[in-house]
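Thanks for coming. I will put the sequence and the structure up, and then walk through some strands, cores and ring pairs.

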Amino acid sequence: MRNILAAILIVTIYSSSYATPTDPDEKIGSVTGKVLDSGSGEPIPYAAVVVKSIPGDSTITGGITAEDGSFTINNLPEGEFTLQVQFIGYRTQSLQFSISKSVRERDIGVISLEEYAEELSGVDVVAERSTIEQRIDRKVVNVGKDLTTAGATASDIMNNIPSVNLDQQTGELTLRGNSNVRVMVDGKLSNIPVAQLLQQIPSTSIKSIELITNPSAKYNPEGMSGIINIVLHRNANIGFNGNLSTGLTVGIEAKFNNSVDLNYRHGKVNLYGSYGTNIGKYVNNGFVFREEERLLQEFDFLNNNKSHLYKVGIDFYLNDHHTLSFFTNQNTFDGKGIGITAITVEDMPGLSNMQNFFNLNHNRSAQYNFDYKWDFNKEGHNLELEADYNRFRNDEDADFRFSGNTFLEDYKDFVDTERTQTIVNLDYVNPLDSITKLETGLELRSFETMVGYRSTGQSFNSDGDLVLTPATEFVYGMDIYSAYVTFGKTYEKWSYQAGVRAEDVTVKADTNQVRAFTDKYFQLYPSAFLTYTPAEKDQFQISYSRRVDRPGLGQVNPIREWATPLISGFGNPSLVPQFTDSYELNYTHRLEKGSFTSGIFYRRIQDEINRAVYVDRLDLNKLILTYDNFENTSAYGFEFTANYKPLKWWSINGSFDLYNQTQRGITEVLDHSDPPITEEDISTEDVNVENTAWNLRLNQSFTVTKKLTLQLFGFYRGQNQNLQFLVEPMYFINTGARYSFADGKGTLSLNFNDVFNTMRFAFDGQRPYAQNGQFNWESQNVYAGLSYRFGSGKNRQSQRKQRDDRTKESSGGIL
């Protein structure tokens, strides 16, 4: 299989490199070019390109720029024309050209657009680009003056992103109501747990956040709801440059974040490095009340976390065609947690008991990345080889102590986790002509996770006797060999892209050196995009892709991951992947002072992975929370995002999303007739829950002076039904101010979040028993941040192109 895939790639590269050129005698005039930002040199996609007649100034035809800023307009008659390039936040650029029988094809070259500036009290003010941009295959949220005032880290701003929700209690991230989403940094998947990862990325280091809900075949197919790619700033100025930032968040406890980014560029060498740290205490509390038993569980948690991130890298620009790059990321995390679970029964104080939980958690991640890129003579024609190795180790010690009316004895758990992943990519891109592009590649991914568990506690064996909990070692590995090819073409107002990815997957799971599970499968993942642009301000797109969700470690690990006196959580090693067919239709319209995008989506899900709740047969008073595969299901939804600038000093960004999904699960129901509980009191119920939920976000920025900007942000999440709970609505209002000094090099931010202290997780449930509860965290807080940029800033050079258009499931660093 692997040899066949390699042969296909080699033949494709060879044949496409010598593709037949376009017919030079074609009797249709055309004009081509590329649109770039005059300051950064970066491409400007989806800018409007209009061709007008001379004389008369009437519009002949038009189009929009592609992802790399290029454009081609065909079917031009003989004559003189004016070409106008327009994009929101930039000055319109105009130039003239002609089409004749002797010169039918005109290459305008590079057109540089300058950001729009207006006079205010005699001072130039540079306007911002729109905060939310709809691109062909993704939605891009530019983290600029609007969103950097929202919080200290990536975790703090996630609930401000359209269609994204972050559970502040668990750190679980969802996209379109689904947690099967892959989070990447600069196109690379990290070994660091997502909740920890988001708390370690300073918001000032983020350039943009990309929501790729229907990725093409060139992307790894993992993640039912898509990919969230966090793109970080990258400095490549000549000379020595850097940025310093520091911040303080004060809620119930204080949290500190600091970062420094340094870069030195001289000749053919670019050297860069960064360091970031987050130190703070986090408070959470809540309760769960069982109505029938009048049993109250009260929770109080305090976590003291410290993290440090380091990155060092170097780029060698050997010549105009060859670039070598290397970087390493190093991450350390130390966490100390204290938790108290108090259990009381109304009118029966003698039955009260308490669990005290002490947790020590230390982990380290190390990444090493090598990249070689060969640019051929033709623009956009290149071959790239990347190798990435990531190693992660986590040591966790948990101490459980009991008091009150309980038969449970104190015990300790020790869990050691080691993960390694190796990824090698070979990617080839060939623009066969000005309107046609071929992309193909090969990838090897190898993952292995080892989890060792020891405990001083006791558990029941199959005979019902109490014995020392046995030590367990679980090894989970996966090898994936894949190849992809995509082909795209633009013709007048239409463009399309089609592709397919082939994967050969082997999965192995061993428990105590005994093979517990094996799975091997071959799968094709097709994708297709069709775009229609009837006018310069309107665009329609329909797309399709096939996705997969392979079970994560937490879902397959049979070792107990967490426990309270009444619930224990385990994985299921026999889970198989779930596959999703995803369809989308989007419409984008550009206004004079803004734009909006609306869209609908539909997902068909096969072998859905979801929660299952069982009664612990070794102790019928306890529950086991695990996972299982279920029958096929579906989900659909609607999204709307808009940005508008009604006045020079007032800009508005808003979004609304609604989704419907059917969730299936298994739960065992307890019939509490008379204690003690027996097998006859337990029945199994297949749960089928229909859920419709919606979210509304509104962000407003007010420019008071050139240096001072104010922000008001509101969020509302509607009622939400899951397998266990009916979750009540959530909402909050944030305010912020941003002040610039030192000619814009310095920035001071001040935020007051959750002004009315309304954000909390409140629920009411009936499975497996009637209960209600609420959890709270430090949502109301004050944040103060300071950032300063320094350096020569001379002769800005083009940056090494980030592979934003090819998100890979590589291991990844942070800064």
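A definition to begin with: two strands pair if DSSP finds at least two bridges between them. The strands themselves, E runs of at least two residues, and the helices, H or I runs of at least four, are DSSP runs numbered from the N terminus.

Now the provenance. This is a predicted model, in which local features need pLDDT of at least 70 and side-chain atom pairs count only at pLDDT 80 or more, while totals for chains, interfaces and linings use all residues. Residues are numbered from 1 along each chain as its sequence is written, and side-chain values use heavy atoms, with hydrogens and water left out.

With that said, β2 and β3 pair in the antiparallel sense, over five bridges. One residue pair to look at is Lys52, whose bridge partner in β3 is Thr59. The two strands, β2 and β3, make a hairpin with four residues between them, and in the turn Gly56 has a positive phi of about 105 degrees. Strand β2, residues 48-54, is also joined to strand β5, residues 79-86, by seven bridges, again antiparallel. There, Ser53 stands opposite Phe81 in β5.

Those strands belong to an open sheet of four, in the order β3-β2-β5-β6, with antiparallel pairing. Its edge strands are β3 (59-64) and β6 (93-99), each of which pairs on one side only. On average, neighbouring strands of this sheet are turned by 25 degrees against each other, direction ignored. For that angle, axes are lines fitted to C-alpha atoms, for helices over the stretch in contact, and angles run from 0 to 180 degrees between N-to-C directions.

Next, an open sheet of three strands, ordered β4-β1-β7, with mixed pairing. Here the edge strands are β4 (70-76) and β7 (105-113), each pairing on one side only. Neighbouring strands are turned by 20 degrees against each other on average, direction ignored. Strand β1, residues 29-37, pairs with β7 in the parallel sense over seven bridges. In β7, Leu113 is the bridge partner of Asp37.

Now the chain as a whole. How many helices and strands are there in the protein chain? Four helices and 49 strands. Of the 815 residues, 52% are buried, where buried means under 20% relative accessible area, exposed over 50%, and partly exposed in between, with a 1.4 Å probe and protein chains only. Among contacts in the chain with a separation of 6 or more, 66% are between residues 24 or more positions apart; contact means heavy atoms within 4.5 Å.

On to the cores. A nonpolar core is a set of buried Ala, Val, Leu, Ile, Met, Phe, Trp, Tyr and Cys residues joined through side-chain atoms within 4.5 Å. The largest one has 23 residues, and Met158, Ile206 and Ile209 have the most contacts inside it. Among the elements that give two or more residues to this core are α2 (154-157), α3 (194-200), β13 and β16 (206-212). Setting aside neighbours within four places in sequence, Met158 is in contact with Val164, Leu166, Leu173, Leu198, Ile209 and Ile230. A second, separate core of 21 residues includes Tyr476, Ala509, Tyr521 and Leu575.

Back in β13, residues 173-175, we find Thr174. Is Thr174 buried or exposed? Thr174 counts as buried because its relative accessibility is 12%. Beyond four places in sequence, Thr174 is in contact with Ser163, Val164, Asn165 and Ser179.

Another polar example sits in strand β20, residues 269-290: Asn270. Asn270 counts as buried because its relative accessibility is 0%. The C-alpha atoms of Asn270 and Ser325 are separated by 9.3 Å, and the two residues are 55 residues apart along the chain.

Last, the rings. The structure holds 30 aromatic pairs. Rings of Phe, Tyr and Trp (its six-membered ring) pair if their centres lie within 6.5 Å; planes under 30 degrees apart count as stacked, over 60 as edge-to-face and the rest as tilted. Tyr521 and Phe579 form an edge-to-face pair, at 6.2 Å centre to centre and 90 degrees between the planes. This pair links distant parts of the chain, with Tyr521 in strand β31 (residues 514-535) and Phe579 in strand β35 (residues 578-591), 58 residues apart. Both Tyr521 and Phe579 are buried. Elsewhere, ring pairs link Phe299, Phe301, Phe725, Phe761, Phe763 and Phe775 into a cluster.
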